[in-house]
Amino acid sequence: MAKRLYSIIIPVYNRPDEVDELLESLTLQTYKNFEVIIVEDCSKKKCDKIVEKYIHELNINYCSKENAGQGFARNYGYERARGEYFIVFDSDCIIPDHYLDTVETSLNENYLDAYGGPDRAHDSFTPIQKAINFSMTSVFTTGGIRNKKKAIGGFSPKSFNMGISRVVFDATGGYIIPYKGEDIEFSTRIRKMGFKTGLIEEAFVYHKRRTSWFKFFKQLHFFGTARINIARFFPDQLKLVHFFPAIFTLGFILTILMWFFYPALAKVLTSIFVTYFLILFIDALTRTRSLWISLLGIWAGFIQLTAYGSGLIQELLISIFKK
């Protein structure tokens, strides 16, 4: 069986150092039949010099376009791709050397029109990055629930690590919104058109996500607003599980207020939160085997839930009052 040509599309905005690490990891792929398309989305910090380093090691095409958001940047790459299967990575990913071999083997055994892969923490990541990775993949923060094969509402590949066939792109036209949940909208539309989607568990990437607590809060707050934005396209994609961060956030605020007005109730609510954080700590310790990262994991979980919850509440209120 002839090996597929994969087109790897990487949209980038002001992240040349990350692109350097990503491209270096792609040079180590054991599967060699692929091209790389870098789409510079009107960056001020361009990565053209970085790309030049790999011009003789990778089949690479460097493009630059006006800034229009990551969804449309991916479309720009899709339109220039020569492969029969397209793969999108975020620029802050490092790709293990077996990745493409794993995808090729999996698609030959159980073909998927579109797939997603999970993410893991690399040994080189900082403690904060490892704690964030734990929080974003833990079932106790709902991240682990939404990224399983049998996810609520059907599995939706996320575009930090996502592949689609050329047939899917031709049928869908790619992304129809540039950001704010664009990958969820795209994945949902793919599934509703009858294409087969799924998770390839061993096609994981090392995803850096954010490098500071402030950036992490901003990202998750944005994710919360995006969930409501997606519900405008597909109301059935807003599930009860998505409201857990909002309930957590409101509950935390209520607990603080109750210490001033009803201390007895505040004690009960506080004990619930303490129990939850203890469960989160045990989960982190079991998975990371690090006391320090587990302690940071509690803080990461708190930021994730309150940021996502406040973003969801904010966007929900905006949508209600706009009617």
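Start with the contacts across the whole chain of this predicted model. Among contacts between residues at least 6 apart in sequence, 80% join residues at least 24 apart. As you trace the backbone, look for places where such distant stretches of sequence meet.

Next, switch to a cartoon view. How many helices and strands are there in the chain? You should find 12 helices and 10 strands.

Now zoom out to see the overall dimensions. Along the principal axes, the C-alpha atoms fill a box of roughly 70 × 45 × 45 Å. A compact globule of 323 residues would have a radius of gyration near 20 Å, and the chain agrees, because its own value is 20 Å.

Turn on the surface. The chain exposes about 15,200 Å², and carbon and sulfur atoms supply 61% of that area. Buried residues make up 55% of the 323 residues. If you colour by charge, you will meet 39 positive and 32 negative charges, whose mean positions are 8 Å apart.

Time for a close-up: select T141. Where is it found? Look in the loop between α5 (127-137) and α6 (143-146). Is T141 buried or exposed? T141 counts as buried because its relative accessible area is 1%, under the 20% cut-off.

Keep T141 selected and show S138 as well. A polar atom of the T141 side chain lies 3.1 Å from the backbone oxygen of S138.

Finally, add the neighbours from farther along the sequence. Leaving aside residues up to four places away, T141 touches S135, Y276, L280, G301, Q304 and L305. Show their side chains to see what surrounds T141 in its loop.

Key
Residues are numbered from 1 along each chain as its sequence is written. Side-chain values use heavy atoms; hydrogens and water are left out. Helices (H or I, at least four residues) and strands (E, at least two) are DSSP runs, numbered from the N terminus. The radius of gyration is taken over C-alpha atoms; the globule rule is 2.2 Å times the number of residues to the power 0.38. Buried means under 20% relative accessible area, exposed over 50%, partly exposed in between (1.4 Å probe, protein chains only). Contact means heavy atoms within 4.5 Å. Accessible areas come from the Shrake-Rupley method with a 1.4 Å probe; for residues, only the protein chains shown count as cover. Lys and Arg count as positive and Asp and Glu as negative; His and the chain ends are not counted. The place of a charge is taken as NZ of Lys, CZ of Arg, CG of Asp or CD of Glu. A polar contact is a pair of N or O atoms within 3.5 Å; within protein, one must be able to donate a hydrogen and the other to accept it, and residues adjacent in sequence count only if both atoms are side-chain atoms.
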